[in-house]
Amino acid sequence: MSSSTVSVSAATPTQHYFQRKIDDVKPSKTDINFVVMDYLVSEGYPRAAEKFAKEANIQLPLEEESIQSRVEIRQAIHAGDIDAAVTKINDLNPQILDTDAALHFALLRLQLIELIRSCTSSATSDVTPALSFASSQLAPRAATNPDFLKDLELTMTLLIFLPATGKLQKELGELLEPSLRRDVASRVNEAILTSMGARGEARMRSLVRLRQWAEAKARGANKDIPPVMPLGLQDAEDRMIGNNGEGADVMVQ
C-alpha cells in the first residue's frame, strides 16, 4: 500500500478591491493638516493645537485665549459645575443664552440634576433647593414649550427614584450619565463658535457623517464593499491629543 502526502498551505487573505482603491488615494498633506487643526481648535484643545501647529508649520486660526475660554466652559460642564459654566458663557457673550432658549434650558436642567444628586445623597437630605430651583428657573420656561415640560417632568422623577435602591429606568439613568454633560458641552461649544462668526462644528464631524451616509447608501444598493469599514478615528485622536493631557473623554460622533 502506498501513501501519499498532501501539503496544505495557509491561504493568504486577499484584500478587498474597495480597500485597495482607498489605499490608492493619496490625500493632500495640506488638507489633512487643515482638518486636524480645525478639529483641535473647534473642539477646544489649545495645547494640542499649539503643538500640532509647530510640528506642521502652520498658524493657529484663532487666538489661544478664545480657545481657552471654551476649554474652561467645557471643563466646568463636564465637572457638573453648571453655575460656573453659565457665568463664563455670559462673561464671554451674554447674547448666546439669551437667543438660544433650548440651550439655556438644557444647561438649567443639568444644574437641576446636580442639585438632585446633592439633595438625594442621603436619606436625611433636604430636597427643598432642588424644588425651589425647578420652580423658579425651569417651570416658567417649561410652561411655554411642551418639549421643555416633558424634560422637566422626567428630571423631577429623579427625586422619587434616585434615593431608592436598585437600577434606574433607562430614561432616568441616562440623565446621570457623563454623556449628557458631553452633549450639552458640545452644543455650548458650537454656539460660542457660531457667535464668533466661526464654523460651529469641526469639519471632521461633518466628514464622518458624510462617510457614514455614503456607506449606508452603498449597502442599501447592495454594492460590493467590505462587511466592516472601521473609521479608525479613535487611534488617530489618541495620537492627536492623547499625549497632551487634553480631551481624554472626547469622541468623534
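**Entry 1: starting inside**

I began with valine 188 and looked past the residues up to four places away in sequence: valine 188 touches Ile73, Ile77, Ile89, Leu103 and Leu107. I kept in mind that I am looking at a predicted model.

Next I asked which residues have the most contacts inside the largest nonpolar core. They are Ile77, Leu107, Leu112 and Val188, in a core of 37 residues. I then checked which helix gives the most to this core, and I found H7, with 10 residues. I also noted a second, separate core of 15 residues, which includes Met37, Phe52, Ala56 and Val71.

**Entry 2: valine 184**

I moved to valine 184, which sits in helix H12, residues 178-195. Is valine 184 buried or exposed? Its relative accessible area is 2%, so I wrote it down as buried. Leaving aside neighbours within four places in sequence, I found valine 184 in contact with Leu103, Ala106, Leu107 and Leu110. I also looked up its distance to histidine 104: the two are 80 residues apart along the chain, and their C-alpha atoms are separated by 9.8 Å.

**Entry 3: arginine 109**

My next stop was arginine 109, in helix H7, which covers residues 101-119. Why does arginine 109 count as buried? Its relative accessibility is 13%, and the cut-off for buried is under 20%, so arginine 109 falls on the buried side. I listed what arginine 109 contacts, again without neighbours within four places in sequence: Leu138, Asp151, Thr155, Leu175 and Leu180.

**Entry 4: helix H2**

I then turned to H2, which runs over residues 29-43 and has 15 residues. From first C-alpha to last, H2 reaches 21 Å, close to the 21 Å expected at 1.5 Å a residue. I looked up the buried residues of H2, and among them are Asn33, Val35, Met37, Asp38, Tyr39 and Glu43. Met37 turned up earlier in my notes, as part of the second core. What follows H2? I found glycine 44 there, with a positive phi near 85°.

**Entry 5: how far to trust it**

Last, I checked the confidence. The protein averages a pLDDT of 79, and 80% of the residues score at least 70. Over residues 234-245 the pLDDT stays under 50, and the model has 21 contacts beyond four places in sequence for them. Residues 247-253 are also below 50, and that stretch has 21 contacts in the model beyond near neighbours in sequence. I left myself a reminder: where pLDDT is low, the predicted coordinates should not be read in detail.

Definitions and conventions. Residues are numbered from 1 along each chain as its sequence is written. This is a predicted model: local features need pLDDT of at least 70, side-chain atom pairs count only at pLDDT 80 or more; totals for chains, interfaces and linings use all residues. Side-chain values use heavy atoms; hydrogens and water are left out. Helices (H or I, at least four residues) and strands (E, at least two) are DSSP runs, numbered from the N terminus. The expected span of a helix is 1.5 Å times one less than its number of residues. Buried means under 20% relative accessible area, exposed over 50%, partly exposed in between (1.4 Å probe, protein chains only). Contact means heavy atoms within 4.5 Å. pLDDT is the predictor's confidence in each residue, from 0 to 100. A nonpolar core is a set of buried Ala, Val, Leu, Ile, Met, Phe, Trp, Tyr and Cys residues joined through side-chain atoms within 4.5 Å.
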